Amino acid sequence: MRIRIVDAFTDRPFAGNPAGVLLLDAFPEDDRLQNVALEVNHAETAFAHRLPEGGEADWALRWFTPVAEVNMCGHATLATAHVLHSTGAHAGPVRFATRSGVLVATPGEDGSITMDFPTAPLTAVELPDGVAEALGAEPLAAFDTGPNIGDLLVELPDEKTVHALTPDHKALVAHSERGIIATARAEDPARGYDFVSRCFFPRIGIDEDPVTGSAHTALAPYWSERLGRPDLTGLQASPRSGRVRTRLRGDRTLLTGRAVTVIEGELLA
């Protein structure tokens with residue numbers, strides 16, 4: 001069984017968000033998938049197997065953190081599509097059957113991959129007690145992001161505040177189904193991005209996710225409405241950092257990025 005580690009939402013190794021990718025003949029028992037994800041110990045490990053021809057999807061795809069299976073993951077989907085295309089296992093657009101419906105990843109001529117994801121529905125909510133204290137900053141607004149990603153999105157006063165966050169991860173666990181997306185408008189759009197974000201998911205074993213594609217299905221509609229443009233670029237300001245190009249198309253959001261395979265080996269257990 002081949003296993004690859006792929007850095008997603010970056011064009012260079014040791015940046016972006018690393019994901020494990022395993023192409024299988026079929027899915028084994030869930031506990032084995034979870035054990036492999038725990039052993040890989042990255043934010044996500046993706047497992048995929050080919051589906052029969054003629055159906056609505058080409059590959060089945062599942063995502064596991066070190067402690068749980070999740071409903072949606074952008075960077076591990078990008079990593080899987082990258083592996084399929086770079087190894088010749090699949091050519092052209094690939095349709096993935098997932099917990100979040102059929103997701104399509106299309107390779108571009110420039111080496112990027114564009115994924116078609118459902119747009120997260122945003123609902124304004126009162127800021128839960130304790131969130132500001134746990135983050136160490138006072139949000140301007142808070143939004144529920146719906147069932148697919150299950151995050152609390154909070155806007156902070158400025159980009160510097162987002163960069164400076166040192167949250168109490170244990171305290172954040174109580175405040176959403178998956179985690180917290182903290183965001184702010186870019187201080188200087190001439191730097192090549194329109195908004196900045198950081199994502200904290202201690203409930204599912206990830207204190208800070210390096211680059212979160214699924215979060216951008218909420219960030220895209222949020223900032224597109226405020227900035228008046230459907231096409232934006234987000235910088236996720238984690239220590240590894242990465243950029244996600246977004247295009248809002250109503251109830252669908254296109255996420256574009258690159259990926260690099262950094263490790264390839266054999267799973268022996």
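Mentor: Buried means under 20% relative accessible area, exposed over 50%, partly exposed in between (1.4 Å probe, protein chains only). This is a predicted model: local features need pLDDT of at least 70, side-chain atom pairs count only at pLDDT 80 or more, and totals for chains, interfaces and linings use all residues. Residues are numbered from 1 along each chain as its sequence is written, and side-chain values use heavy atoms, with hydrogens and water left out.

Trainee: Which residues of helix H1 are buried?

Mentor: Helices (H or I, at least four residues) and strands (E, at least two) are DSSP runs, numbered from the N terminus. H1 covers residues 30-40. Its buried residues are Leu33, Gln34, Val36, Ala37 and Val40.

Trainee: What arc around the axis do they cover?

Mentor: The arc is taken from the directions from the helix axis to the C-beta atoms. The buried residues fall on the same side of H1 because their arc is only 160 degrees.

Trainee: Which exposed residues does the other face of H1 carry?

Mentor: That face is turned away from the buried side of H1. Its exposed residues are Asp31, Asn35 and Glu39.

Trainee: Which strands cover the buried residues of H1?

Mentor: Contact means heavy atoms within 4.5 Å. The cover includes S1 (2-8), S2 (17-24), S3 (44-50), S4 (59-64) and S5 (69-70).

Trainee: Which residue follows H1?

Mentor: Its phi is positive, near 60 degrees. Most residues other than glycine have a negative phi. The residue after H1 is Asn41.

Trainee: Where is Phe14 found?

Mentor: Phe14 has a positive phi too, near 70 degrees. At a relative accessible area of 67%, Phe14 is exposed. Its place is the loop between S1 and S2.

Trainee: How many salt bridges does the whole structure hold?

Mentor: A salt bridge needs a side-chain nitrogen of Lys or Arg within 4 Å of a carboxyl oxygen of Asp or Glu. A search of the whole structure gives a count of 13.

Trainee: Which residue forms a salt bridge with Glu264?

Mentor: The closest N and O atoms of this pair are 3.1 Å apart. Glu264 is in strand S18 (259-266) and its partner Arg4 in S1, so the bridge ties together parts that are 260 residues apart in sequence. Glu264 is partly exposed at 47% relative accessibility, while its partner is buried at 11%. That partner is Arg4.

Trainee: How many residues apart in sequence are the parts tied together by Asp7 and Arg240?

Mentor: These two form a salt bridge, with the closest N and O atoms 3.2 Å apart. Asp7 is buried at 2% relative accessibility, and Arg240 is partly exposed at 28%. Asp7 lies in S1 and Arg240 in the loop between strand S15 (231-236) and strand S16 (242-249), so the sequence separation is 233 residues.

Trainee: Which residue in the loop between S15 and S16 has a positive phi?

Mentor: Its phi is near 65 degrees. The residue is partly exposed, at 25% relative accessibility. It is Ser241.

Trainee: Which residues do salt bridges that share partners join into one network?

Mentor: Start with the salt bridge of Arg99 and Glu69, whose closest N and O atoms are 3.2 Å apart. Arg99 is in the loop between strand S6 (94-98) and strand S7 (101-107), and Glu69 in S5, 30 residues apart. The whole network is Asp30, Arg62, Glu69 and Arg99.

Trainee: What volume does the largest cavity have?

Mentor: On a 1 Å grid over the protein atoms alone, a cavity is a set of points where a 1.4 Å probe fits but cannot get out; a pocket is an open set with protein on both sides within 12 Å along at least five of seven lines; lining residues have an atom within 4 Å of a point. Points are joined across faces, edges and corners, and a volume is the space filled by probe spheres set on them. The structure holds one cavity of 30 Å³ or more. The volume of the largest is about 50 Å³.

Trainee: Which elements give two or more residues to its lining?

Mentor: The lining of the largest cavity has 13 residues, and the closest to its centre are Glu44, Cys73, Arg178, Asp209 and Thr212. The elements are helix H2 (74-87) and strand S14 (206-209).

Trainee: Which element gives the most to the lining of the largest pocket?

Mentor: This pocket has a volume of about 250 Å³. Of its 14 lining residues, Phe9, Thr10, Asp11, Gly242 and Arg243 are the closest to its centre. At least two lining residues come from each of S16 and strand S17 (252-257). With four residues, the leading contributor is S16.
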